[in-house]
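Welcome! Take a look at the sequence and the 3D structure below, and then walk through the notes that follow.

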Amino acid sequence: MSATTDIVQKLWNLCHILRDDGITYLAYVTELTYLLFLKMAQETGTETQIPEGYRWGDLVTRDGIEQMNFYRAALLELGTNSSLRVQAIFVNAQTALKKPQILTKLVKSIDELDWYSAKEEGLGDLYEGLLERNASEKKSGAGQYFTPRPLIDCMVELIKPQAGELVQDPAAGTGGFLIASDRYIRKYTSDLFDLSEAEQSFHRHQAFYGIELVQDAHRLLLMNMLLHGIEGAVELGDTLSSDGQQLPKANVILTNPPFGTKKGGGLPTRDDFTYPTSNKQLAFLQHIYRGLLPGGRAAVVLPDNVLFEDGVGRSIRADLMDKCNLHTILRLPTGIFYAQGVKTNVLFFQRGTTDKGNTKQVWFYDMRTNMPSFGKRIPLTRQHFSEFEQCYGDDPNGNSPRVDQEEDGRFRCFTREQITKRNDNLDISWLRDESLQSGDNLPEPEVIAAEIMEKLRIATKEMESLMILLEGEEAAEAVSTSVGLSTLE
């Protein structure tokens, strides 16, 4: 076991103590963020960014009620009177701890860890390991869906971000895509030593940027990037508001936008979207393909409804295929996200130099049909993506030689003309689902129920849209009420 793995395990074991104090998993990692930041600043010799009198040494020498009162005062001080980066981590910070003995136990346990070995392996990897452990225990927190690291690494490996490129994540979460992109570039530049001084500075300070909506996740994002030596602009804000309009256009966008609709069903407050919609994923998709530089490329995780939703959904898909070369769609297996019944895909596309006719054909890889339902019993690993990566090829824009495996294979090609005949519906499947022929491989009952509810929700939305066209909004509301699904949104 590596020193990093050992420390992550020891830190995670402390959650059993914290649960006795009523601390949730997400709050636990947030609480650790505050303490680990102070300790890691001491270990890395960067305490100058922390006001004197509020550093790790000042905390560790106190005990009991005095230590608790000092900790609360330190959080307030760091959130108001420190460097801008430190303020962003500690803004509005409050401890969820209630018992002084719990804080003392945390501080003592953190102080006694093997920090010398952790520094040798990289403190950023330690923190990333802690976030990954948190995601594996509870994949959703604060209304977010955490992206499995094997999927992130697969997407980054295929998109191939390069030194000197602008890499954006408009739904940054805890920074998984940005950190993985940094790691990929370092891997192929001898940890940046192959780059000039100016190129190294660009990589550290400008290359990676994005937006995160949830403040607690934004704290974790800032801490994660800081420990990996990345100081790009990752702002707290809403991409579907004017905040998103301020983001510079990118060479690469990698992201997993939040699922669902805008709160209250309202439209995004962006005035640059051609197709206003309350569907978050369709709104994010517009931001992404409009936010790419000519020739820029993207990989984005999206649920099935984006592939087949009619009305504005069809218009957005057509616009995407006009402005970009949508060359590959990966149909992801079930069970890799927290919400049961949510089926997802990864769309890979490249922005064209013109706004018309860029998509000539779309390749689909079905990683869902006749695949296990992943979860704790069958964890998703990078190896599960190996066949898809071989089919995808080395070219990040889908230009490698490819072979259609026909009806019995997982990798198939459909022309733009074929997709047009399907009314631009990209929800394409061809393999026979063997689970339908036998009850041996049926999903768990809660998964089946969740899938039924999701289909009913989508069907109700379609009925409402039709009734609005035929009879107006009052009739649509009556349909929603009679079906009894008005709360599913």
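**A guided look at the model**

Arginine 412 and aspartate 404 are joined through their side chains in a salt bridge, 3.4 Å from N to O. A salt bridge here is a side-chain nitrogen of Lys or Arg within 4 Å of a carboxyl oxygen of Asp or Glu. This is a predicted model, in which local features need pLDDT of at least 70 and side-chain atom pairs count only at pLDDT 80 or more, while totals for chains, interfaces and linings use all residues. Residues are numbered from 1 along each chain as its sequence is written, and side-chain values use heavy atoms, leaving out hydrogens and water.

**Salt bridges**

- Side chains of opposite charge can pair when their charged atoms come close.
- By the salt-bridge rule, the count comes to 18.
- Arginine 412 counts as buried because its relative accessibility is 17%, and buried means under 20% relative accessible area, exposed over 50% and partly exposed in between (1.4 Å probe, protein chains only).
- Its partner aspartate 404 is partly exposed, at 28% relative accessible area.
- Elsewhere, Asp304, Arg331, Arg368 and Asp427 are linked into one network by salt bridges that share partners.
- Aspartate 355 and arginine 351 also form a salt bridge, at 3.0 Å from N to O.
- Of that pair, aspartate 355 is partly exposed with a relative accessible area of 40%, whereas arginine 351 is buried at 12%.
- Lysine 39 bridges to glutamate 43, with their closest N and O atoms 3.0 Å apart.
- Both lysine 39 and glutamate 43 are buried, and they sit four residues apart in helix α3 (residues 25–44), about one turn of the helix.

**Helix α10**

- Helices (H or I, at least four residues) and strands (E, at least two) are DSSP runs, numbered from the N terminus.
- Helix α10 (residues 149–159) is largely enclosed by the rest of the structure, because nine of its eleven residues are buried.
- Among the buried residues of α10 are Arg149, Pro150, Cys154 and Ile159.
- Lysine 160, just after α10, has a positive phi of about 55°.

**Strand β10 and its partners**

- Five of the six residues of strand β10 (residues 361–366) are buried, leaving the strand mostly covered.
- Two strands pair if DSSP finds at least two bridges between them.
- Strand β8 (residues 324–331) runs parallel to β10, and four bridges join them.
- Isoleucine 329 has phenylalanine 364 in β10 as its bridge partner.
- With strand β11 (residues 411–415), β10 pairs in the antiparallel sense over five bridges.
- Tyrosine 365 has phenylalanine 411 in β11 as its bridge partner.
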